[in-house]
Amino acid sequence: MRIHPSQPADLPQLMQIYETARRFMQQTGNAGQWVDGYPKKELLVEDIGREHSYVCLDEDNGIAGTFYFRVGEEPTYLNIFEGSWLNDDPYGVIHRIASSGKHKGVAATCISWCLEKCGNIRIDTHRDNKVMQNILQKLGFSYCGIIYLENGAERLAYQYTINPATPDKKINKIGSTFLKEARNTPPKMIQLL
């Protein structure tokens, strides 16, 4: 599987993937997340325009999954309760990760790609999203505490960081760093799911 920036022409498929994800969430006991048609088409158009939306393509160039990723401060992560972030270093943020349901390992592929771009990742999920919590734990993310969205909804916060800083780190084009070992991690992570 490969990661590419989402294009406006991908919108119908992205909307279908998010509908599939909402049904899956309801079937697995997570009926309170992504309600009322979230994420809306307008939000996805905005994400694509800002170049923060990505697709995970399968071997036939079909869209197997989608997610939001950017490096930068997330306003809802400024305050964390009942815990703390692992560090205050610059970080990447993953949101709205979803799969078409046709392939295994989509979430791991997407998260691995993000770790290659930035070795310090923060992500949050709903308390009832046991599937995502399990994925994050398998991939080595640390539970850090509770954050609240702009609408006041609670989310469980997780972080993965590749530490400590060493001369073996590689600095990529966006100024984030990651260890050489991180390049070997994604295949292992993919096999977990």
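## A chat about a predicted model

Modeller: Before we start, the structure holds zero disulfides, and please keep in mind that this is a predicted model.

Biologist: What is a disulfide, in general terms?

Modeller: It is a covalent bond between the sulfur atoms of two cysteines.

Biologist: Then why does Cys-110 have no bond to Cys-56?

Modeller: The sulfur of Cys-56 is the closest cysteine sulfur to that of Cys-110, but the two are 4.3 Å apart, which is too far for a bond, because a disulfide needs the pair of sulfur atoms to be within 2.5 Å.

Biologist: And how far is the sulfur of Cys-118 from the closest cysteine sulfur?

Modeller: For Cys-118 the closest cysteine sulfur belongs to Cys-114, and at 9.1 Å that is again too far for a bond.

Biologist: Are Cys-110 and Cys-118 buried or exposed?

Modeller: Cys-110 is buried, with a relative accessible area of 1%, and Cys-118 is also counted as buried, with a relative accessibility of 2%.

Biologist: Let's step back a bit. How many helices and strands does the protein have?

Modeller: There are five helices and nine strands, and, read from the N terminus, the elements follow the order β-α-α-β-β-β-α-β-α-β-β-β-β-α. Of the 193 residues in the protein, 48% are buried.

Biologist: How are the strands of the open sheet ordered?

Modeller: The open sheet has seven strands with mixed pairing, in the order E1-E2-E3-E4-E5-E7-E6. Strand E1 (2–5) and strand E6 (142–148) stand at the edges with a single partner strand each, so one side of each has no neighbour in the sheet. On average, and with direction ignored, neighbouring strands of this sheet are turned by 30 degrees against each other.

Biologist: What joins E6 to E7?

Modeller: E6 and strand E7 (residues 154–161) run antiparallel and are joined by six bridges; one example is Gly-145, whose bridge partner in E7 is Ala-157.

Biologist: And at the other edge, how do E1 and E2 pair?

Modeller: E1 and E2 pair in the antiparallel sense over four bridges, and within that pairing His-4 has Val-55 of E2 as its bridge partner. Val-55 also has a bridge partner in E3, namely Thr-66, and E2 and E3 run antiparallel with five bridges between them.

Biologist: How many residues of E2 are buried?

Modeller: In strand E2 (residues 53–57), five of the five residues are buried, so this strand is largely enclosed by the rest of the structure. Ser-53, Val-55 and Leu-57 point one way from E2, whereas Tyr-54 and Cys-56 point the other way, and all of them are buried. As a general matter, the side chains of a regular strand alternate between the two faces of the sheet.

Biologist: What about the hairpin of E2 and E3?

Modeller: That hairpin has five residues between the strands, and Asn-61 takes a positive phi near 65 degrees there. Asp-60 also sits in the loop between E2 and E3, where it is exposed, with a relative accessible area of 64%. Although Asp-60 and Met-1 are 59 residues apart along the chain, their C-alpha atoms are separated by 9.2 Å.

Biologist: Which other residues have a positive phi although they are not glycine?

Modeller: Asp-36 has a positive phi of about 55 degrees, and Glu-51 has one of about 60 degrees. Asp-36 lies in the loop between H1 and H2 and is exposed at 67% relative accessibility, while Glu-51 lies in the loop between H2 and E2 and is exposed too, with a relative accessible area of 61%.

Biologist: Where is the cis peptide bond between Tyr-38 and Pro-39?

Modeller: Pro-39 belongs to the loop between H1 and H2, and the cis peptide bond that joins Tyr-38 to Pro-39 has an omega of about -5 degrees. In general, most residues other than glycine have a negative phi, and most peptide bonds are trans.

Biologist: New topic: what volume does the largest pocket have?

Modeller: Its volume is about 1,400 Å³. The largest pocket is lined by 50 residues, of which Met-25, Gln-33, Trp-34, Arg-96 and Ile-97 are the closest to its centre.

Biologist: Which elements supply the lining, and what classes of residue are in it?

Modeller: Among the elements that each supply at least two residues of the lining are helix H1 (11–27), strand E4 (92–99) and helix H3 (106–117). By class, the lining has 21 nonpolar, 16 polar and 13 charged residues.

Terms used. Residues are numbered from 1 along each chain as its sequence is written. This is a predicted model: local features need pLDDT of at least 70, side-chain atom pairs count only at pLDDT 80 or more; totals for chains, interfaces and linings use all residues. Side-chain values use heavy atoms; hydrogens and water are left out. Buried means under 20% relative accessible area, exposed over 50%, partly exposed in between (1.4 Å probe, protein chains only). On a 1 Å grid over the protein atoms alone, a cavity is a set of points where a 1.4 Å probe fits but cannot get out, and a pocket is an open set with protein on both sides within 12 Å along at least five of seven lines; lining residues have an atom within 4 Å of a point. Grid points are joined across faces, edges and corners, and a volume is the space filled by probe spheres set on the points. Ala, Val, Leu, Ile, Met, Phe, Trp, Tyr, Cys and Pro count as nonpolar, Asp, Glu, Lys and Arg as charged, and the others, Gly among them, as polar. Two strands pair if DSSP finds at least two bridges between them. Axes are lines fitted to C-alpha atoms, for helices over the stretch in contact, and angles run from 0 to 180 degrees between N-to-C directions.
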